[in-house]
Amino acid sequence: MSLPLLEFEQQSAEAVVRERLSSWSLERLQEEGYCLMNMDAYWLDGGSSHFGVGRFVANFMLGPGVLLPAEHQFESGTQVLVTHLDPLREDPRRGCIVSATDSQLRVAFNERFNLDEGQPWRLDMSCSAIAYERMKAAVQSLHANPAQQLRGPPPKYHRPHGEPLDAEAILQGTYLRDVLLRGFREGDATSVPPQDNFFAPNAHLVSWARRYARPNPVVVPGDPDLHSKGLNETQVRAVAVMLGGMSGPDPSSSSGALADDALALSSARAPPRRSGGSRAALIHGPPGTGKTKTIIETVRLLKEHFRVPQPVLLCTYTNAAVDNLVEGFVAPDLAAPASSGRPRSAPQPLRPLRVGSPGRVRATLGPYTLEAQMAAHPRAKDLEGVEQRITEVIKRRKELYKRIEETRPKVAASLREHGHGHAGTKTGIAARLDAMEMDLLVHGKKEAALKKKQFAIRNEIMGDVVRSADVVCTTCITSASLPLKSVDFPIVFIDEASMSTEPASLIPLMKGSQHVALIGDHKQLPPVITSLEAQDQGLGYRMHPAISRFPAAEFYGTALRDGTVDAAGNVAAALSPPHSMVFPELARMGAGGPEGAERRPSVVFLDHLGSESVKDRSRVNWAEARIVCSLVEDLLLRNPTLTGSDIGIIAPYAAQITLLTRLLTADAGQAARFEAVLGPARAAETHEVEVKTVDGFEGREKDVVVFSTVRNNAAGAIGFLADRRRLNVGLTRAKRGLFVVGSLRTLRIGKTQGHGPGADVLEAVEDLRVGGEEATGVPAQKKRKGKKAQGAEAWRRYASFVTEQHLVLHLEGERLRRVLDGNRRGTLVVVAQQANRTA
């Protein structure tokens with residue numbers, strides 16, 4: 001992707017915000033939740049050290065104890081514009097929300113400004129330009145050659161807790177330029193000499209990776225046993241390939257086949273290696289094949305067995321996926337399950353470091369964040385002392401400035417009354433003014449000196465914390481943030497590689513990288529890095545086989561095998577489908593087991609007649625939203641061990657996401673119903689249900705997923721729902737139960753062109769709005785008509801699949817009424833049945 005294209009994407013994202021601010025009325029902005037007015041604000045003491053490195057945090061609220069409007073869309077991570085009246089007529093302050101409650105928002109800024117201006121504040125949702133600037137810088141850094149910066153070999157590293165670190169140059173660019181781009185290969189004008197593999201000095205690691213990257217490896221005494229960690233054969237091979245091993249045909253064979261070391265971002269062969277194997281690897285893993293576990297065990301192998309001292313930089317496109325990886329690193333037991341027949345091998349804890357905006361990090365991972373680690377550093381008290389002194393100096397300067405402003409008119413009046421003194425001497429009040437001005441100057445220099453010291457101590461602490469980590473986990477965009485600028489990362493792993501654009505993927509590589517592995521699934525969200533890829537496909541360990549049946553056949557040609565079924569054909573008990581009112585209804589339709597007996601399939605399609613409508617240039621389906629809420633209510637009622645956080649709701653349209661979120665968390669009528677049916681404690685679980693777009697669930701999983709397809713119209717138009725990769729993601733996020741809600745008729749017709757005036761434009765705009773969880777404003781790629789046709793065909797085949805398997809529940813008439821309101825009338829009966837089962 002070229003720099004002009006990045007400029008275009010940035011302008012498009014900003015245009016969406018400008019168009020909203022210029023064409024919508026203030027009342028509509030507030031009603032839709034994009035604007036908050038009449039906010040009071042004050043700075044939090046010590047905010048910069050608690051909520052983000054080098055940032056200042058202000059608290060915004062409507063008043064003490066006053067709740068924010070229920071419909072507002074401001075949440076942790078939201079970029080905001082802060083003005084008094086109008087962001088289009090004023091110069092807005094830009095900030096990021098780091099935490100949000102029912103009554104207040106905490107917003108981080110890069111610098112302080114005066115909040116005591118006697119006027120209320122206005123907050124508007126915005127987009128960030130930081131991501132674009134970082135991507136542009138990464139593209140430009142391709143021209144930097146780290147080898148020339150050092151005028152010698154790559155830098156030597158030292159253990160963070162061993163001897164003192166030598167002074168190191170901060171590298172820009174990557175040693176992998178010849179792997180990434182043809183123009184940097186040997187023989188071209190801008191060529192670079194071929195480089196050794198980074199792991200070449202570690203003969204044991206190179207030997208292991210070379211042997212285990214192929215089937216049936218030669219086992220040597222002292223080899224690590226990854227099977228005892230719960231990895232299968234293909235996952236072990238993937239680990240070896242990630243570390244430079246070469247799978248597939250032997251490059252020395254006469255077959256002419258392309259070896260795996262030919263990986264490059266073009267169709268040509270990669271440059272020759274000097275030693276140590278491949279410097280780049282691509283791992284392809286369909287849903288449930290254990291990509292996350294493979295990454296975790298690869299890092300563990302590097303740190304624990306091969307004793308590689310450098311921290312690994314592990315990046316993904318979304319914050320949710322980063323959090324999943326960190327949770328995996330700190331999980332108490334990643335060993336093989338007892339049913340594997342292999343002995344357990346308890347892993348040693350790794351030291352992950354989570355770097356990211358505090359508002360975007362899962363609360364349970366607080367101890368592993370950069371902020372928490374810096375607070376625990378031995379020099380944290382020194383930094384706190386300096387910051388306290390800075391606060392005191394600033395306070396003293398403000399007092400002096402105020403007194404000076406009050407004294408100047410008095411000096412002027414004294415001069416008018418007494419003249420300029422006698423014999424050149426000054427009056428007492430004038431002398432005091434001179435003394436205060438001198439004191440103000442001294443305190444200004446003192447503040448500058450303290451801030452310089454603060455900067456030095458903070459950088460020292462950040463460097464120590466980063467270097468002492470085994471693995472640094474962050475998003476591709478955040479990898480260019482200040483805390484990671486003082487450390488080089490020779491080893492980079494990028495998960496969710498299919499989701500990331502080329503410029504975003506370049507960001508973590510421009511830190512002196514010498515070895516990279518890209519991990520992802522190009523059959524889910526769109527691949528924009530057009531590379532050859534390893535086709536190692538392992539066992540699916542995540543979902544019930546009934547859930548993976550259609551995706552395995554449709555997207556992977558049946559190559560995705562079930563790892564959740566034992567030799568006797570039994571499915572793991574933990575993957576049993578949940579109880580639901582849906583299953584008796586299926587039995588009434590004659591879709592049950594023998595003689596109409598009730599069964600609990602893991603996949604159900606709820607077919608209804610409720611029509612879609614257009615809202616805010618998006619699509620919404622109110623009838624479908626009611627069905628979804630009733631289904632969530634029923635799942636919580638009939639499954640006592642199922643929590644709200646075990647349930648995920650996926651919808652392709654932003655307006656439907658907003659509607660479902662409001663119904664589950666902020667609608668008074670719906671809340672009263674939940675409490676009446678579930679009781680106060682269980683009703684509170686509805687707030688924990690996660691509602692996101694398809695893109696937002698990439699790399700995520702839930703016990704139960706409800707997929708709200710939204711589209712239901714006479715023309716059979718499905719718009720950008722006809723995205724084959726998004727369909728794959730939506731159907732493969734559930735472990736125990738998948739409930740798809742929609743219109744079979746609409747999906748069977750599956751027109752990819754919109755219906756009604758401006759429908760195609762609406763779909764393109766919507767595609768921009770749901771194109772990713774990272775708040776970069778980067779729009780998703782526009783799909784070609786051929787790709788949309790393939791997606792529509794996939795939906796037609798899915799409609800046929802659920803029909804042939806008797807998995808469709810048609811909701812109309814009395815059956816629809818029972819699904820919507822049956823629990824409200826029969827709550828006591830259900831509770832009694834639960835008590836009897838428990839007894």
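This is a short tour of the structure, one selection at a time.

**Before you click**

What you have open is a predicted model, where local features need pLDDT of at least 70, side-chain atom pairs count only at pLDDT 80 or more, and totals for chains, interfaces and linings use all residues. Residues are numbered from 1 along each chain as its sequence is written, and side-chain values use heavy atoms, with hydrogens and water left out.

**Stop 1: the whole chain**

Show the protein chain as a cartoon: 25 helices and 24 strands are there. Helices (H or I, at least four residues) and strands (E, at least two) are DSSP runs, numbered from the N terminus. Of the 839 residues, 55% are buried, meaning under 20% relative accessible area with a 1.4 Å probe, protein chains only. Switch to a surface view and you are looking at about 36600 Å² of accessible surface, 53% of it belonging to carbon and sulfur atoms; the areas come from the Shrake-Rupley method with a 1.4 Å probe. Take the contacts (heavy atoms within 4.5 Å) between residues at least 6 apart in sequence: 77% of them join residues at least 24 apart.

**Stop 2: helix α7**

Select residues 203-212, which form helix α7. Turn on side chains for Leu205, Val206, Trp208, Ala209, Arg211 and Tyr212, and you have buried residues of α7. What do they pack against? Add α8 (233-242) and α9 to the view, as those are the partners.

**Stop 3: α9 with α10**

Keep α9 (residues 291-305) and add α10 (residues 319-330); their axes, lines fitted to C-alpha atoms over the stretch in contact, come within 10 Å and cross at roughly 55°. That makes the pair oblique, the class left over once angles under 35 degrees (roughly parallel), over 145 (roughly antiparallel) and 65 to 115 (roughly perpendicular) are taken out. Now show Thr292, Ile295, Ile296, Val299 and Arg300 on α9, which meet Leu325, Gly328 and Phe329 on α10. By class, the residues of this contact are 5 nonpolar, 2 polar and 1 charged.

**Stop 4: α4 with α14**

Finally, select residues 130-140 (α4) and 502-509 (α14), which pack at about 70° with their axes 8 Å apart. These two helices are therefore roughly perpendicular. Which residues of α4 and α14 meet? Arg134, Met135, Ala138 and Val139 come from α4, while Pro503, Ala504, Leu506 and Ile507 come from α14. This contact has 7 nonpolar, no polar and 1 charged residues.

Terms used: Buried means under 20% relative accessible area, exposed over 50%, partly exposed in between (1.4 Å probe, protein chains only). Axes are lines fitted to C-alpha atoms, for helices over the stretch in contact, and angles run from 0 to 180 degrees between N-to-C directions. Ala, Val, Leu, Ile, Met, Phe, Trp, Tyr, Cys and Pro count as nonpolar, Asp, Glu, Lys and Arg as charged, and the others, Gly among them, as polar.
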